[in-house]
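Biologist: I am new to this model and would like a close look at one part, the place where the two chains meet. Please take me through that part slowly, and then through whatever helps me to place it in the rest.

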2 protein chains.
Amino acid sequence: MSLAAHSVSGFATWTAQVQATVEAALADSLPSAASVPVRLHEAMRYAVLGGGKRVRPLLVFAAGALFNAPVTALAQAAAAVEMIHAYSLVHDDLPCMDDDALRRGKPTVHVQYDQATALLVGDALQSQAFAALTDAASGIAAARQLEMVRLLAYAASSCGMCGGQAIDLDSVGASLDLAALEHMHRLKTGALLHASVMLGAWCGKALQEADMKALAAYADAVGLAFQVVDDVLDATADSVTLGKTAGKDAADNKPTYVSILGLQPSLELAERLRLDAHAAVASFGAAADPLRRLADMIVQRKN
Amino acid sequence: MSLAAHSVSGFATWTAQVQATVEAALADSLPSAASVPVRLHEAMRYAVLGGGKRVRPLLVFAAGALFNAPVTALAQAAAAVEMIHAYSLVHDDLPCMDDDALRRGKPTVHVQYDQATALLVGDALQSQAFAALTDAASGIAAARQLEMVRLLAYAASSCGMCGGQAIDLDSVGASLDLAALEHMHRLKTGALLHASVMLGAWCGKALQEADMKALAAYADAVGLAFQVVDDVLDATADSVTLGKTAGKDAADNKPTYVSILGLQPSLELAERLRLDAHAAVASFGAAADPLRRLADMIVQRKN
């Protein structure tokens with residue numbers, strides 16, 4: 001999967017290949033829907049398979065491309081990150097959180113099944129993600145795999161994704177300044193996007209300090225850009241295009257980039273972050289083309 | 001912590017020492033209540049610290065005593081298992097699950113805080129548990145630590161604890177036979193108790209096939225005994241003694257050992273399982289005294 005991601009059609013092909021590879025890895029990592037408890041396993045597969053842009057897996061593979069990481073290892077790491085992401089969506093959609101009925105164009109898990117099942121789906125997906133990272137078939141040395149578990153665990157923790165969710169909860173109806181909004185998103189979305197980039201790179205080799213710094217700068221820029229664009233789309237797109245309920249932030253009285261900065265400055269910020277992401281990986285040359293095209297895709301997406 | 005657990009006072013001292021050691025490890029593993037997000041971190045510490053019998057940590061230390069496992073490693077493994085257990089209680093108490101207001105003699109997390117916080121507390125505790133198992137300070141080789149992550153991840157998964165919870169949900173109002181009830185508990189409670197024993201042993205050394213089998217037999221017997229006694233206590237004790245709401249199973253129309261077998265046969269089953277547990281570890285000699293005394297404690301407890 002080290003194809004010509006620098007040409008437009010090359011990138012589209014690369015993206016489709018990564019998505020198919022990750023879909024297969026996810027289908028393989030998740031317990032069969034025929035195994036007991038059947039309803040829980042069905043619901044886990046419903047929550048994870050057959051949908052989503054797979055931004056995090058794409059980041060894993062794009063970062064892995066810098067260091068010729070083997071596909072098997074990347075697919076496992078990507079599946080693990082995507083399971084963490086999927087669990088967070090299932091829990092985030094619950095009535096006691098965002099209370100959302102639509103996700104990836106389908107009824108959310110608690111609507112399709114029930115709240116208790118949705119709770120267990122999220123819980124079990126998190127366990128499954130860590131289990132996936134311990135698979136010996138990845139071909140990665142145990143010490144490196146353990147590092148990857150640690151990285152993902154902290155990214156998902158109360159000092160990462162869960163912490164961002166908690167700050168988000170506390171911020172409903174509050175007037176956050178830009179710095180506070182950015183801090184929330186660095187945890188809520190940024191931590192897992194950052195982990196995706198690092199996991200992909202670690203599938204290839206032990207990183208030098210300079211590589212780590214460059215990738216961290218890339219991940220930071222892309223992570224924020226992702227959220228700025230999310231806020232723009234929530235304010236401007238319709239639910240059918242988004243595959244989830246549009247206009248939620250304003251309805252929920254949540255602070256967003258659009259509510260704090262305005263629409264046009266938010267678009268300009270996203271563009272600036274896109275260029276920051278490109279600049280961060282300049283030293284990697286053509287091998288970083290997938291990372292560059294992903295930054296473009298994240299900023300220029302329509303849903 | 002390899003003291004004379006075979007004498008009555010020796011066991012009480014050993015138990016108190018392990019509990020204090022694990023409490024310190026948990027306090028240390030959990031993010032400070034002064035760090036952002038403060039409310040989430042407070043709630044995580046509320047859910048975990050200062051309560052509980054610490055049965056799983058005691059099993060970790062008792063199994064570790066067989067192979068002279070170092071205290072630092074045992075404390076970390078015990079903290080990890082206890083965080084998984086604590087997260088499962090927080091989620092289990094939520095209104096969409098068991099809807100319980102009392103746990104360990106205190107208001108449950110969603111009552112003391114709110115449902116969204118309780119959801120995130122559970123989610124973040126699960127991540128923190130896996131993070132704890134990756135700590136290099138344990139002194140355990142990375143390959144073994146990775147095995148321990150895998151063991152705990154599968155024990156907590158939809159093929160373990162979460163799976164048991166799902167079967168439990170499906171069984172409300174249903175008439176389970178004894179085999180189905182046992183299967184549910186082998187997943188719901190048994191998987192994590194089993195993991196506790198194995199993690200403790202692995203802190204000491206790579207296990208031989210025969211040791212694995214003996215410990216698995218012990219864990220199976222103790223795991224089932226634990227649940228049988230839980231059912232007996234739910235039917236016979238009061239809420240103050242239990243520290244949680246008594247009589248819930250009958251009120252919820254849940255199948256239990258008492259409802260299927262009757263009270264006296266349940267007590268006899270628990271006693272038989274206690275003897276099975278003793279028999280399973282006979283070959284380990286005096287080193288298995290903590291495991292024996294724990295089996296006694298689990299069967300003879302009053303809450």
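Modeller: What follows begins with the contact between the chains and then turns to the core, one helix and a few loops.

This is a predicted model, in which local features need pLDDT of at least 70 and side-chain atom pairs count only at pLDDT 80 or more, while totals for chains, interfaces and linings use all residues. Residues are numbered from 1 along each chain as its sequence is written, and chains are lettered from A and ligands numbered from 1 in the order in which they are written.

Where the chains meet, 41 residues of chain A are in contact with 41 residues of chain B, two residues being in contact if their C-beta atoms, placed from the backbone, lie within 7 Å. On the side of chain A that touches chain B, the elements that give two or more residues are helix 2, helix 6 (115-133), helix 7 (142-156) and helix 8 (161-171) of chain A, where helices are DSSP runs of H or I with at least four residues, numbered from the N terminus. Helix 6 of chain A gives the most to this side, with 11 residues. By kind, the residues of the side of chain A that touches chain B are 25 nonpolar, 12 polar and four charged; here Ala, Val, Leu, Ile, Met, Phe, Trp, Tyr, Cys and Pro count as nonpolar, Asp, Glu, Lys and Arg as charged, and the others, Gly among them, as polar.

As for how the two copies are related, a turn of 180° with a shift of 0.0 Å along the axis lays chain A on chain B with an RMSD of 0.0 Å, the copies being superposed by least squares on the C-alpha atoms of residues with pLDDT of at least 70 in both. That is the relation of a two-fold axis. The same surface serves both copies, since 100% of the contact residues of chain A recur in chain B.

Turning to the interior, the largest nonpolar core holds 209 residues, of which A:Leu152, A:Ala225, B:Leu152 and B:Ala225 touch the most other members; such a core is a set of buried Ala, Val, Leu, Ile, Met, Phe, Trp, Tyr and Cys residues joined through C-beta atoms within 7 Å. Not counting residues up to four places away in sequence, B:Leu152 touches B:Ala80, B:Val81, B:Ile84, B:Ala129, B:Leu133, B:Ala195 and B:Leu199.

A residue is buried if 20 or more other C-beta atoms lie within 10 Å of its own, exposed if 12 or fewer, and partly exposed in between, with C-beta atoms placed from the backbone. Nine of the 12 residues of helix 15 of chain B are buried, so this helix is largely enclosed by the rest of the structure; among them are B:Leu291, B:Leu294 and B:Ile298.

In the loops of chain A, A:Arg54 has a positive phi of about 60° although it is not a glycine, and A:Arg54 lies between helix 2 and helix 3 (55-65). A:Arg54 counts as buried because it has 22 C-beta neighbours inside 10 Å. A:Asn68, also not a glycine, has a positive phi of about 50° and sits in the loop between helix 3 and helix 4 (71-92) of chain A, but A:Asn68 counts as exposed, with 11 C-beta neighbours inside 10 Å. Finally, a cis peptide bond with omega of about -5° joins A:Val36 and A:Pro37, and A:Pro37 is in the loop between helix 1 (8-29) and helix 2 (38-48) of chain A.
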